[in-house]
Amino acid sequence: MRAAVVTEQGVRVQDVPRPDPGPDQVLVRVRACGLNRADLTVAAGAAHGSVGGSGTIVGMEFAGDVAAVGPGVQDFREGDRVMCSGAAGWAEYALADRGRTALVPGETVSYAQAATLPVATQTMHNAIVTNGRLAAGETVLIQGASSGVGLMGLQIARLKGASLVIGTSTNPERREALARFGADLALDPRDPDWVARVLEATDGAGVNLIVDQISGFVANDNMRAAAVLGRIVNVGRLGGATCTFDCDLHALRRIHYIGVTFRTRSIEEIRAITRAVHEDLGEAIAAGTLALPIDSTYPLEAVTDALDHMRENRHLGKIVLTLD
């Protein structure tokens with residue numbers, strides 16, 4: 001089968017053996033794959049969690065048809081349309097744990113659309129609903145809102161009844177687009193006045209929940225923008241993995257600062273997240289209420305072009321690989 005493999009010369013499409021499903025695995029005939037920023041790390045030959053290095057098949061999310069199942073799999077059968085998270089997804093056939101596999105909601109969601117959903121919905125549902133504990137009527141700020149994950153966060157916050165949704169992006173064109181995905185206010189996190197604008201929009205109270213995909217240079221300003229007893233969920237570190245942290249401000253605002261990542265979660269935890277997303281958001285996905293824009297699509301053979309497009313960081317929404 002064809003697969004996008006990390007080599008000394010970069011990512012190349014090569015013939016590799018077709019995998020067989022283990023006892024708790026689903027074998028998927030892949031039709032489309034989503035690109036994520038972590039894929040750039042793996043494509044460069046570095047590790048992301050337990051995945052990486054020469055010979056690695058790239059890809060964290062994919063959609064397609066069930067081709068076979070292991071003996072421990074009861075919920076899926078051959079021919080089911082599914083979307084999955086996992087590893088080694090950019091290939092004609094890929095394996096997924098049974099608990100990281102979900103039926104594509106509804107008949108109108110395409111494979112390309114389905115391939116954009118696993119990482120974004122799992123990340124943001126867990127950040128906003130589970131860890132962020134968003135209650136209807138509360139206010140939300142999504143840092144880094146113009147990424148695919150961020151756009152999904154805006155929509156989930158709105159779906160869950162947030163009274164005010166704020167998104168940030170350093171790109172002016174993408175800031176203008178955030179309103180289409182539920183943002184009441186779009187700000188530049190490099191603008192020295194962005195915290196003042198948040199406080200103005202919340203009558204001085206600050207926001208109840210911040211989902212932070214930037215960290216680094218915004219960490220202390222996040223606390224200034226947060227309400228007393230606000231929650232900050234640290235999802236990503238696009239602005240830096242370290243910073244000088246204002247411990248006194250943290251204490252004064254009595255902020256709940258929560259770190260999340262899939263890299264240290266057990267398979268049981270990830271299965272529970274996948275199940276929660278399917279149960280809580282499945283109807284909204286089927287109805288088209290939750291959806292991500294597809295910025296561009298590339299055939300698997302053009303994987304290097306797709307990766308180059310992601311590195312340029314000019315896209316809005318998801319980049320998708322397609323397979324015949």
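Is Ser-215 buried or exposed? In this predicted model, Ser-215 is buried, because its relative accessible area is 4% and the limit for a buried residue is under 20%. The points below take up this residue and other features in turn.

1. Backbone at Ser-215. This residue is found in the loop between strand 13 (207-212) and helix 7 (219-225). The phi of Ser-215 is near 55 degrees, which is a positive value in a residue other than glycine. As background, most residues other than glycine have a negative phi.

2. Backbone at Arg-133. A positive phi of about 50 degrees is also found at Arg-133, although Arg-133 is not a glycine. Arg-133 is placed in the loop between helix 3 and strand 10 (139-143). With a relative accessible area of 42%, Arg-133 is partly exposed, whereas Ser-215 is buried.

3. The salt bridge between Glu-301 and Arg-2. The whole structure contains 13 salt bridges. In one of them, the side chains of Glu-301 and Arg-2 meet, with an N to O distance of 2.1 Å. This pair links distant parts of the chain: Arg-2 belongs to strand 1 (residues 2-7), while Glu-301 is in the loop between strand 16 (294-299) and helix 10 (303-312), and the two are 299 residues apart. Glu-301 is partly exposed, as its relative accessible area is 46%. Arg-2 and Glu-301 also belong to a network of salt bridges together with Glu-92.

4. The salt bridge between Lys-160 and Asp-280. The closest N and O atoms of this pair are 2.8 Å apart. Lys-160 lies in the loop between helix 4 and strand 11 (164-168), and Asp-280 lies in helix 9, so the salt bridge ties together parts that are 120 residues apart in sequence. Lys-160 counts as partly exposed at 26% relative accessibility, and Asp-280 counts as partly exposed at 31%.

5. The salt bridge between Glu-312 and Arg-314. Here the closest N and O atoms are 3.2 Å apart. Glu-312 is partly exposed, with a relative accessible area of 40%. Arg-314, at 62% relative accessibility, counts as exposed, because the limit for that class is over 50%.

6. A buried charge without a salt bridge. Which side chain of opposite charge is nearest to Arg-265? It is Glu-269, at a distance of 5.3 Å, and Arg-265 is buried yet has no salt bridge. A salt bridge requires the nitrogen and the carboxyl oxygen to be within 4 Å, so the pair does not qualify. Arg-265 is found in the loop between strand 15 (256-259) and helix 9. A polar atom of the side chain of Arg-265 lies 3.4 Å from the backbone oxygen of Thr-261.

7. The largest pocket. The volume of the largest pocket is about 1,400 Å³. Of the 47 residues that line this pocket, Ala-38, His-48, Met-60, Val-119 and Phe-262 are the closest to its centre. Helix 1 (37-43) gives the most to the lining, with five residues. Other elements that supply at least two residues include strand 8 (93-97), helix 4 (148-159) and strand 17 (318-322). By class, the lining has 20 nonpolar, 19 polar and eight charged residues.

8. The second largest pocket. This pocket holds about 330 Å³ of space. Its lining has 15 residues, and Arg-37, Thr-170, Arg-174, Leu-238 and Asn-313 lie nearest its centre. The lining divides into three nonpolar, nine polar and three charged residues.

9. The cavity. How many cavities of 30 Å³ or more does a search of the whole structure find? The search finds one, and the volume of the largest cavity is about 80 Å³. Its lining includes Met-83, Arg-100, Pro-118, Thr-274 and His-278. Strand 7 (81-85), helix 3 (118-131) and helix 9 (267-286) are the elements that give two or more residues to this lining. The lining divides into five nonpolar residues, five polar residues and one charged residue.

10. The position of Val-104. This residue lies in the loop between strand 9 (101-103) and helix 2 (111-115). Val-104 counts as buried because its relative accessibility is 7%. Between Val-104 and Gly-150 there is a separation of 46 residues in sequence and of 21 Å in space, C-alpha to C-alpha.

Terms used: Residues numbered from 1 in each chain as written. Predicted model: local features only at pLDDT ≥ 70, side-chain atom pairs only at ≥ 80, totals over all residues. Heavy atoms only, no water. 1 Å grid on protein atoms, 1.4 Å probe; cavity = no way out; pocket = protein on both sides within 12 Å on 5 of 7 lines; lining within 4 Å. Points joined across faces, edges and corners; volume = space filled by probe spheres on them. Helix = DSSP H or I, 4+ residues; strand = E, 2+ residues; numbered from the N terminus. Nonpolar A, V, L, I, M, F, W, Y, C, P; charged D, E, K, R; others polar. Buried < 20%, exposed > 50% of the residue type's maximum accessible area, 1.4 Å probe, protein only. Lys, Arg positive; Asp, Glu negative; His and termini not counted. Polar contact = N/O pair within 3.5 Å; in protein donor to acceptor, adjacent residues only side chain to side chain.
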